[in-house]
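Here is a quick tour of a protein model, written for someone who would rather be at the bench. Have the structure open and follow along.

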Amino acid sequence: MTTVTTRTVDYPADGLTMIGHLALPAGVERRPAVLIGPEGLGLSDVERRRAEALAELGYVALAFDIHGGRYLADPEEMLARCMPLLADPDRMRDIGHAALEVLRAEPRSDPDRIAAIGYGTGGAIALELGRDGADLRAIGTVNAVTTGRPGEAARIGCPVWAGVGSQDPIMPPAQRDAFTAEMQAAGVDWRLVVYGGALHAFHHPPVDHAAVPGVGHHPQHAQRAWHDIINLLAECLPVPE
């Protein structure tokens, strides 16, 4: 296990001051880097811990913000912000590019070796970065099988891995089919893993506040999805010995 250092980073995006969480591995040399996008609730300790876990593996990791430092525990408030955002690819791309530039500018990051992973809204943002032609080595998403504007998936220049629960009412089979059809038509190197019996946000530990219907934690599949993401990074963005 390596020694990890962390700090918050402030940067502008979407008319807000975003507050991200940067985790750095031990050493001084440049390392491959990973963006981590949060669920629609916003950046929480869940994503911060994931950034730190990736730093322990040798990555520079930035868990990025989507709500200007706020965590939207109220479902109605969360939906009121996230639904218009998810309907606006340009806004999602602006949020993603702002975080990506922070990560690229970090002296420990190798700017030519960056991946983007994300959950829910954060995963949709990672996909939109790919559709906008961002230079990424891999994109990984959990419960974010969103589709984009026609033809733009052809700009994705890296492998895409997606995970979704079989019982997710927010990402039903028709949505999964549309996503895979888009990826296939664009010639993307894509994979989709359907986790049997899992609901939306199955990867996220239980919360102590109200949640939208169809959300539920699945401990086994949460661990499996994390291992699948680690394997994606190991394949596409290996850490030097």
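What follows covers the pockets and then the salt bridges.

Before anything else, keep in mind that this is a predicted model.

**Pockets**

Let's start with the largest pocket, which holds about 670 Å³ of space. It is lined by 38 residues, and those closest to its centre are Glu39, Gly120, Thr121, Ile170 and His200. If you color the helices, look at α2 (75-86), α3 (89-105) and α4 (121-131), since each of them supplies at least two residues of this lining. The top contributor is α2, with six residues. As for chemistry, the lining of the largest pocket splits into 22 nonpolar, 13 polar and three charged residues.

Next comes the second largest pocket, with a volume of about 180 Å³. Its lining includes Arg49, Arg50, Tyr119, His203 and Trp226. Two helices, α1 (45-56) and α6 (219-236), are the elements that give two or more residues to this lining. By class, the lining of the second largest pocket has eight nonpolar, one polar and two charged residues.

**Salt bridges**

The count of salt bridges comes to 17. Here are some of them, with the N to O distance for each pair:

| Pair | N to O distance |
|---|---|
| Arg93 and Glu128 | 3.0 Å |
| Arg131 and Glu128 | 2.9 Å |
| Arg155 and Asp132 | 3.8 Å |

What does the bridge between Arg93 and Glu128 tie together? Arg93 sits in helix α3 and Glu128 in helix α4, so the pair joins parts that are 35 residues apart in sequence. Both Arg93 and Glu128 are buried.

Glu128 also pairs with Arg131. This time both partners, Arg131 and Glu128, lie in helix α4, three residues apart, or about one turn of the helix. Like Glu128, Arg131 is buried.

The bridge between Arg155 and Asp132 links distant parts of the chain, 23 residues apart. Arg155 is in the loop between β6 (138-142) and β7 (160-165), while Asp132 is in the loop between α4 and β6. Are these two buried or exposed? Neither label fits: Arg155 counts as partly exposed because its relative accessibility is 44%, and Asp132 counts as partly exposed at 31%.

Zoom out a bit and these pairs belong to a network of salt bridges that links Asp90, Arg93, Glu128, Arg131, Asp132, Arg149, Glu152, Arg155 and Glu182.

Technical notes
Residues are numbered from 1 along each chain as its sequence is written. This is a predicted model: local features need pLDDT of at least 70, side-chain atom pairs count only at pLDDT 80 or more; totals for chains, interfaces and linings use all residues. Side-chain values use heavy atoms; hydrogens and water are left out. On a 1 Å grid over the protein atoms alone, a cavity is a set of points where a 1.4 Å probe fits but cannot get out, and a pocket is an open set with protein on both sides within 12 Å along at least five of seven lines; lining residues have an atom within 4 Å of a point. Grid points are joined across faces, edges and corners, and a volume is the space filled by probe spheres set on the points. Helices (H or I, at least four residues) and strands (E, at least two) are DSSP runs, numbered from the N terminus. Ala, Val, Leu, Ile, Met, Phe, Trp, Tyr, Cys and Pro count as nonpolar, Asp, Glu, Lys and Arg as charged, and the others, Gly among them, as polar. A salt bridge is a side-chain nitrogen of Lys or Arg within 4 Å of a carboxyl oxygen of Asp or Glu. Buried means under 20% relative accessible area, exposed over 50%, partly exposed in between (1.4 Å probe, protein chains only).
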